[in-house]
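Subject: Structure handover

Hello,

Here is the structure I promised to pass on. Please open it first, then read my notes below with the model beside you.

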Amino acid sequence: MKYKFWFLLFISFLGLNACKNLHANKPDKNKFEIFNATYKSVILYGKSKADLDSIVAHLLADDIFKISGYRPEVISSINKAKGNVIVIGEVESDLVGHFFEKAEINSNFENQWESYCYKTILNPNDKIEKAFVVAGTDPRGTAYGIFNISKQMGVSPWYWWADVPIEKQEELILTQADLYSKEPTVKYRGIFLNDEDWGLQPWAAKTFEPETGDIGPKTYAKIFELLLRLNANTIWPAMHPSTKAFFHYPKNVQVAKAYNIVIGTSHAEPMLRNNVDEWNKTEYGDFNYKSNKEKVYHYWEERVRETQNIDAIYTMGMRGVHDSGMEGVISKDEAVSILNGIIEDQRKLLKQYINKKVEEVPQGLTVYKEVLDLYKNGLEVPDDITLVWTDDNYGYIRALSNAEEQKRAGGGGVYYHASYWGRPHDYLWLSSTNPYLIRTEMLKAYNLNNKNIWILNVGDIKPIEYNTQLFLDMAYDSEKFQNPESITEHQKEFYGAIFGSDFSESITKIRNEYFQLAFERRPEFMGWSQTEPTTPIFNTAYNMFSNADEIEKRITAYENLENQVETIESKLTEDLKSAFTQLVSYPVRGASNMNKKFLYRDKALAYAKQARLSAEKYKFLSNQAYQNIVELTENYNELSSGKWNGIMDMKPRSLPVFDNPEIEFKWPESDQTIGISIEDTLKTFEGLKRLPTFYVNDSIKYFIDIFLEKNAKEDTWQIKHLPNWLKVTKTSGNFNISKDYIEDRIYVSINWDNWKKAGEPNSGSFTIQKGSSEESVQILISKSYDGLNPNDIVEKNGFAVVYAENFSENTSLDTLNWKRLEGLGHSNSVMQALPLSAASILNHENAPLLKYEVFTETLNDTALLNLTAIPTHPLNTDGDVRIAVQWNNNPIEIVSFKTRGRSATWKQYVLSNKASKQITVPLTTKGEQTLKIYMMDPGVLLDYFVLNTSGSNYMPYKLPNETMIGNN
């Protein structure tokens with residue numbers, strides 16, 4: 001019995017271990033081994049299906065090779081498949097049918113647009129151990145499924161277009177659960193290649209595709225691959241005079257068909273025609289449907305006939321050849337009548353050649369420029385045509401579908417700019433549209449059901465990489481971006497995937513600050529010039545003598561970014577540096593030097609008027625900044641062993657803003673050796689210089705510049721008779737031109753403890769000994785706000801500054817409310833009137849209220865209240881952008897931020913990203929004042945308010961800090 005017991009125990013032990021071993025060797029459905037010491041997967045696609053399946057199968061093999069050094073065999077016969085197999089095909093395909101039954105597919109999924117599913121299947125036959133199936137509801141859905149796997153493996157969509165390196169791995173194991181993707185938010189999502197004359201076209205013609213000498217099939221293949229990797233599907237091809245029409249090169253069309261890319265055309269190119277290149281006026285006559293209908297109709301018919309078998313969106317209507325109004329019409333009524341007939345004729349062509357059910361043919365009418373006026377004046381647009389709304393070229397959508405228009409079968413869409421040529425000024429050089437603005441405007445489109453077509457004008461693609469990614473990610477899944485914080489998270493994900501988690505947060509902060517500085521003023525707008533017509537450059541509106549020296553603050557902000565860029569760059573591995581230059585370094589350094597070029601120019605000219613010897617230094621720094629841009633651009637074009645030669649032009653269109661400034665001085669006569677300049681210099685009746693007033697317990701400091709004048713070589717200065725409650729950062733200096741020591745900036749502040757011990761004087765003074773002469777500086781102290789809380793908003797030195805987010809009261813009404821929107825605006829946080837679907841409110845008693853309290857020390861019957869909003873447009877063609885404003889108990893005033901067309905007001909709004917309105921408010925008593933702002937129109941974005949009691953019309957260009965007690 002004893003031996004039998006031990007024998008049975010031994011057998012049980014063997015059995016348990018056998019079960020363990022069996023379990024250990026059982027294939028794990030949650031892991032798919034693409035490549036390791038045991039497995040070398042193959043890729044299987046169905047040869048009889050779309051060309052795109054073959055393309056993505058081979059691209060996936062390339063991706064795996066870049067990661068692992070192993071290139072999977074790509075096969076199209078299931079009989080050759082063995083081991084671990086990646087299966088690529090459409091849900092309805094025979095190939096996918098070998099691996100699972102149609103009944104296994106989610107019943108709603110198979111009808112989804114451009115969707116995909118992942119399924120891992122164990123032992124589907126006796127030769128295949130595991131099959132990882134990527135099945136799409138259509139070829140593009142399959143491609144998105146494949147490329148999203150590539151992203152998981154570490155292949156950036158920008159691996160080629162931004163030289164993002166791919167991290168090598170010794171083994172490649174996919175841990176992807178079974179999944180059904182959502183349908184994309186927007187049906188047609190893509191980009192418009194535009195203004196390609198200075199980058200994409202010369203680069204393609206001379207560097208990348210010299211055999212074509214143009215943007216041709218080789219270039220488009222790379223662009224189409226990028227679009228698919230970004231979950232996009234649509235292209236509006238390049239169409240400037242520098243580029244031949246897309247259809248000029250037959251292989252372009254073949255490549256688009258192979259990649260399953262939807263071909264569309266811009267607002268000025270109906271029926272897939274490139275009028276700039278294809279309309280031969282000598283042969284065809286005028287592009288005029290009124291006088292030359294037969295030739296124009298035949299011209300369109302040719303293109304429609306040859307595009308019967310391509311995936312396309314047909315742009316309807318008609319404009320001039322060169323992005324201008326329709327030719328030959330003399331009134332809006334006539335234009336509407338002719339355009340109605342044009343659309344009817346165009347649809348006849350679509351019925352004849354494309355589909356008798358014309359409502360099934362994708363069509364869009366871009367409601368842009370004068371077409372918007374015609375639409376509002378009775379243009380009859382068939383219900384199945386998508387209304388493609390536009391921004392105003394500067395990121396602010398002009399109008400979106402109203403409640404009735406949202407019911408249209410064709411829906412709505414948006415054509416949006418991240419790059420632009422035109423008045424009041426181009427921004428073709430750098431990417432400068434704030435991602436928070438893109439989010440806000442495109443979410444308006446999504447939330448108001450304008451989601452059939454989204455197209456982004458990306459100019460030359462580079463350097464718009466991040467904003468392109470953001471726009472297309474939003475188009476693919478808009479819901480992910482409902483929270484404003486999603487932008488920061490999206491940037492961290494984008495930069496972290498490329499440069500690593502150690503740098504994701506720091507690069508995101510750099511880019512956020514870069515875009516914030518550009519929101520204040522885009523680099524291309526720093527010459528304060530305009531175009532169409534082109535003007536010379538002017539001085540900027542930044543004030544170096546007040547608001548703590550706006551010029552120095554902006555230069556310092558950019559230099560801080562440059563220093564951060566340099567620090568990160570020094571820590572990156574060599575293989576990351578090309579991508580870092582393209583995505584981070586060049587834009588930051590380029591923008592910084594463009595700003596320095598003009599801001600140092602301003603300093604040079606202003607300082608020369610003061611006879612400052614340092615004017616020459618700032619002239620040199622201005623010209624040096626230009627040279628820096630030259631060198632930075634040369635370096636960019638040499639990146640990656642010359643791969644990008646010709647892609648970056650530092651002066652597109654050669655506008656004056658890009659030139660090296662010519663700086664000529666007019667020196668004043670002066671017999672002094674040392675001069676003094678005081679912040680916000682004022683003169684008392686005794687002739688003393690006076691700093692701005694200090695307020696009790698304020699930690700602010702004001703500056704005094706002491707400088708050597710032009711004709712001097714050396715001299716000394718010293719501060720004397722300084723009260724012990726005054727602090728200065730320096731008390732003396734020995735200027736010497738040979739030692740390059742020619743100026744000092746000293747800061748003056750107050751030691752409030754010593755001031756109290758001195759009996760809390762209302763004023764004081766000190767003397768600056770400069771050479772053989774002296775100059776007195778007066779100090780005034782205000783006790784107007786004793787007893788107030790540190791966060792109370794007060795008037796200081798004639799101004800009170802209030803940020804819209806810092807209300808004292810926010811009263812909602814039912815679903816109507818003012819909501820804080822982080823990240824946007826000059827104040828970096830705005831108040832938005834919601835919901836967007838609300839009707840306008842005409843009775844302020846039934847309106848949400850924002851209330852603000854301001855304390856003042858000035859009596860003034862005509863003080864100016866400057867109200868600044870983000871310069872958005874009405875939500876629809878009949879809307880407005882209004883608020884109701886009440887100062888104390890005075891009558892309510894209606895303020896509208898709405899602008900007209902390309903008015904002078906609109907130009908200033910978009911150049912500064914400010915919509916500003918002034919009203920006069922009476923200050924009849926000192927102390928607490930109340931500002932009430934009532935909601936009227938949904939969508940309004942309030943940024944900040946400035947109360948000016950100084951008696952002048954001056955308003956600072958750079959937003960100052962809020963005027964709180966204790967604020968710097």
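Start at I223. Leaving out residues up to four places away in sequence, I223 touches W161, I191, L193, L200, I235 and I461. Find those in the viewer before you go on. One caution: this is a predicted model.

**The cores**

I223 belongs to the largest nonpolar core, which has 208 residues. Together with F224 and F499, I223 touches the most other members of that core. Which helix gives the largest share of this core? Helix α18, residues 577-609, does, with 16 residues. There is also a second core, separate from the largest one, with 41 residues. Its members include I793, V854, A863 and Y909.

**A buried glutamate**

Next, look at E225. Its place is in helix α6, which covers residues 217-229. Is E225 buried or exposed? E225 has a relative accessible area of 5%, and the cut-off for buried is under 20%, so E225 counts as buried. What does the side chain of E225 meet there? It makes a polar contact with the side chain of Y159, at 2.7 Å. Setting aside neighbours within four places in sequence, E225 is in contact with L59, Y159 and Y259. So Y159 turns up in both lists for E225: as a polar contact and as a contact, where contact means heavy atoms within 4.5 Å.

**Two cis peptide bonds**

Now check the backbone. R423 and P424 are joined by a cis peptide bond, with omega about 5°. P424 lies in the loop between β15 (412-417) and α13 (435-447). The bond from E532 to P533 is cis too, with omega near 5°. Where is P533? It sits in the loop between α16 (501-520) and α17 (550-571).

**Two positive phi values**

The loop between α16 and α17 also holds N547. N547 is not a glycine, and its phi is positive, near 55°. D814 is another residue other than glycine with a positive phi, near 55°. You will find D814 in the loop between β30 (809-811) and β31 (817-822).

Which of the two is buried, and which is exposed? N547 is buried, because its relative accessible area is 17% and buried means under 20%. D814 is exposed, because its relative accessibility is 77% and exposed means over 50%.

**The whole chain**

Finally, zoom out. The chain has 22 helices and 39 strands. Its C-alpha atoms fill a box of roughly 105 × 105 × 60 Å along the principal axes. Does the radius of gyration agree or disagree with a compact globule? For 968 residues, a compact globule would have a radius near 30 Å; the chain has 33 Å, so the two agree.

How much of the chain is buried? Of its 968 residues, 60% count as buried. The exposed area of the chain is about 39,100 Å². Carbon and sulfur atoms supply 47% of that area.

One last value concerns contacts along the sequence. Take the contacts in the chain with a separation of 6 or more. Residues 24 or more positions apart account for 76% of them.

Best wishes

Methods. Residues are numbered from 1 along each chain as its sequence is written. This is a predicted model: local features need pLDDT of at least 70, side-chain atom pairs count only at pLDDT 80 or more; totals for chains, interfaces and linings use all residues. Side-chain values use heavy atoms; hydrogens and water are left out. A nonpolar core is a set of buried Ala, Val, Leu, Ile, Met, Phe, Trp, Tyr and Cys residues joined through side-chain atoms within 4.5 Å. Buried means under 20% relative accessible area, exposed over 50%, partly exposed in between (1.4 Å probe, protein chains only). Helices (H or I, at least four residues) and strands (E, at least two) are DSSP runs, numbered from the N terminus. A polar contact is a pair of N or O atoms within 3.5 Å; within protein, one must be able to donate a hydrogen and the other to accept it, and residues adjacent in sequence count only if both atoms are side-chain atoms. The radius of gyration is taken over C-alpha atoms; the globule rule is 2.2 Å times the number of residues to the power 0.38. Accessible areas come from the Shrake-Rupley method with a 1.4 Å probe; for residues, only the protein chains shown count as cover.
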